[in-house]
Amino acid sequence: MGSDSLSSVTVLTITARFPSLVQPWLVTQLIEIQRSGGENRLFAGTADTEVIPENVRKYGLDSKCEYISISRIQRLAALLKATLSISGFRAVARGLRRYARVLKSKDLSFGEKMSSLLILQHMGINGISIVHSQSEMMGSRLLPIAIALDVPMVVTFHGLPPEGVRPISARRRRAYTNVADVILLNTEFAKQQYISLGAPAKKITIVPQGLRLDDFPFTERSINNGGPVELLSVGRFHPDKGQRYTIAAIKTLIDQGRNVRLHLVGNGPNRPMLEEYAEDLGLQDFVLFYSRLTDDELRGLYRKVHVFVLASLKSKNQFHEETQGVVLQEAQASGLITIATATGGIPECIDDGRAGFLVNDRSSDELADKIAFVMDHVDQWPQWQEAGREWVETKFSVDVISKKVRAVYLNLVASAGRGH
């Protein structure tokens, strides 16, 4: 084993949803833990079961996940069920012994300490080296587990939730970040955002989400026989992704006589409204919608199209704003020319003018102009495409990113033994 091997290291990942259609990077990270010699355990609140990524089953990740309901009644039922088996009873007994640490904690309220009795069996899990929370909401709810286990804790902040989803309170965030040993953020934007919310700067390390380049083979592409320029946008159907502006830009280009077609991929409540909007603009034949695609189906679209667009919006109400946009790296790795809005952490993830292009948000005219510019400079496509692939290889390859994450884990394991 190499010096950065995770042999004998077991990471307990806490996430709100697993598997998740909108978190392919999490599967990538879990796979890298196993490929580096480590082991995975997962606690999740729920799952997207309509389309399960192939790698989840291939690497047995589904069998390593245990679901913990947010309902107190369901937690009580699960606790009682656990006591009926020998292994479950032993886990509850271990959890009860570790519960003393929860009672002594200054980071939990009295009510949180009492309600955590309902998850004693999860406090009794053995063999965990590190707890890594990928969700503020779920991680803060299960904070008593991390405290009871008395192992190092890593948290990753992926940004604030979208408008309409209530964030955790400032008090719970202080407790969450106080217990954490290391806070991982994907961009400088995310770092400054989290610091403004009260996170301690000294605990923060910037590590982007990584990409398995073998999953996104590079292919140069050009327009075939005068066919349309195919555009793709991937993201949940929600106003903060700016799909209305992308559709409006397509309308402008069609009215100019441009031969373009847009493929919109996502899941979420806003799809019917976007479909109606496209129909009102007379774009039924020029804007195609897709939901719940498998990994192979999405990669097939990446191979088919020419230009990738991500029109995410700046937040006006301190809610979600893009912190990285992993789909941008997927597109660049595949050989697509990327156009995105200069919002959140996106400017840190695109080498503007060389390996992609940035435009202002909430401007369909500016977006249409940039798409037209790309269409008018087909002779420069190869250099833009190659620069995009090189950009991802250098900064976002899973080989580069997983080495950084392993270093964080191994440093924490080496210093373990002290309590919080």
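Reader: Which residue takes a positive phi just after α10?
Author: Gly 198 does, with a phi of about 110°. Helices (H or I, at least four residues) and strands (E, at least two) are DSSP runs, numbered from the N terminus. The model is predicted: local features need pLDDT of at least 70, side-chain atom pairs count only at pLDDT 80 or more, and totals for chains, interfaces and linings use all residues. Residues are numbered from 1 along each chain as its sequence is written, and side-chain values use heavy atoms, leaving out hydrogens and water.

Reader: Which residues of α10 are buried?
Author: In α10 (residues 188–196), they are Ala 190, Gln 193 and Tyr 194. Buried means under 20% relative accessible area, exposed over 50%, and partly exposed in between (1.4 Å probe, protein chains only).

Reader: Where on the helix do they fall?
Author: Seen down the axis of α10, the buried residues fall within an arc of 95°, so they line one face of the helix. The arc is that of the directions from the helix axis to the C-beta atoms.

Reader: What do they pack against?
Author: The buried residues of α10 pack against α7 (136–141), β5 (153–157), α9 (170–179) and β6 (182–185). Contact means heavy atoms within 4.5 Å.

Reader: Turning to the sheets, what is the strand order in the one with seven strands?
Author: That open sheet runs β3-β2-β1-β4-β5-β6-β7, with parallel pairing. Two strands pair if DSSP finds at least two bridges between them. Its edge strands, β3 (65–67) and β7 (204–206), each pair on one side only.

Reader: How many bridges join β1 to β2?
Author: Seven bridges join β1 (residues 10–17) to β2 (residues 39–46). Among the partners, Ile 14 is matched with Phe 43 in β2.

Reader: And what is the order in the sheet of six strands?
Author: The order is β10-β9-β8-β11-β12-β13, again an open sheet with parallel pairing. The edges are β10 (287–290) and β13 (357–359), each pairing on one side only.

Reader: Which residues of β11 are buried?
Author: Val 307 and Val 309 are buried on one side of β11 (residues 307–310), and Phe 308 and Leu 310 on the other, which leaves both faces covered.

Reader: What stands opposite Phe 308?
Author: Leu 232 stands opposite Phe 308, and so does Thr 338 in β12. Two bridges join β8 (residues 229–234) to β11, while β11 and β12 (residues 337–341) pair over four bridges.
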